[in-house]
Amino acid sequence: MKKHKTPLRKCVITNEQLPKQDLIRIVKNKERGVLVDNTGKINGRGAYLKKDEKIILKAKKTKKLDRHLDTVVEESIYTELLELLQNEE
């Protein structure tokens, strides 16, 4: 049987190459602005964060997502990311 390749993506904070399922995608979309993409299929500019509370808090502190997506990421997005992590545990 043929083995499928696991898609890898890079966390914008740690610069680690990780499997897509270990990351959370944040998207900047023309119609709806910045939002958390649980499906991984929403159109727009995407950035990936490792599923780790420390990484999310570091992204908030350094505003690296703001620079990567070239927009202001609202506080509510970080709150949603942290809640998403809590629900997965």
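Biologist: In this predicted model, what is the relative accessible area of K60?
Modeller: K60 is classed as partly exposed. That class lies between the cut-offs of 20% and 50%. The relative accessible area of K60 is 30%.

Biologist: Which residue meets K60 in a salt bridge?
Modeller: The contact joins side chains at an N to O distance of 2.5 Å. It links distant parts of the chain, from K60 in helix α1 (residues 53–62) to a residue of helix α3 (residues 75–88), 15 residues apart. That partner is partly exposed, with a relative accessible area of 47%. The residue is E75.

Biologist: Are D37 and R25 buried or exposed?
Modeller: These two residues form a salt bridge, with the closest N and O atoms 2.6 Å apart. D37 lies in strand β4 (residues 33–37) and R25 in strand β3 (residues 23–29), so the pair ties together parts 12 residues apart in sequence. A relative accessible area under 20% counts as buried. Both D37 and R25 are buried.

Biologist: How many residues apart are K50 and E16?
Modeller: K50 and E16 form a salt bridge whose closest N and O atoms are 3.2 Å apart. K50 belongs to strand β5 (residues 45–50), whereas E16 sits in the loop between β1 (8–10) and β2 (17–19). Their separation along the chain is 34 residues.

Biologist: What is the relative accessible area of E16?
Modeller: Its partner K50 is partly exposed, at 25%. E16 is also partly exposed. The relative accessible area of E16 is 32%.

Biologist: How many salt bridges does a search of the whole structure find?
Modeller: The pairs include K50 with E16 and D37 with R25. E75 and K60 form another. The search finds a total of 3.

Technical notes: Residues numbered from 1 in each chain as written. Predicted model: local features only at pLDDT ≥ 70, side-chain atom pairs only at ≥ 80, totals over all residues. Heavy atoms only, no water. Salt bridge = Lys/Arg side-chain N within 4 Å of Asp/Glu carboxyl O. Helix = DSSP H or I, 4+ residues; strand = E, 2+ residues; numbered from the N terminus. Buried < 20%, exposed > 50% of the residue type's maximum accessible area, 1.4 Å probe, protein only.
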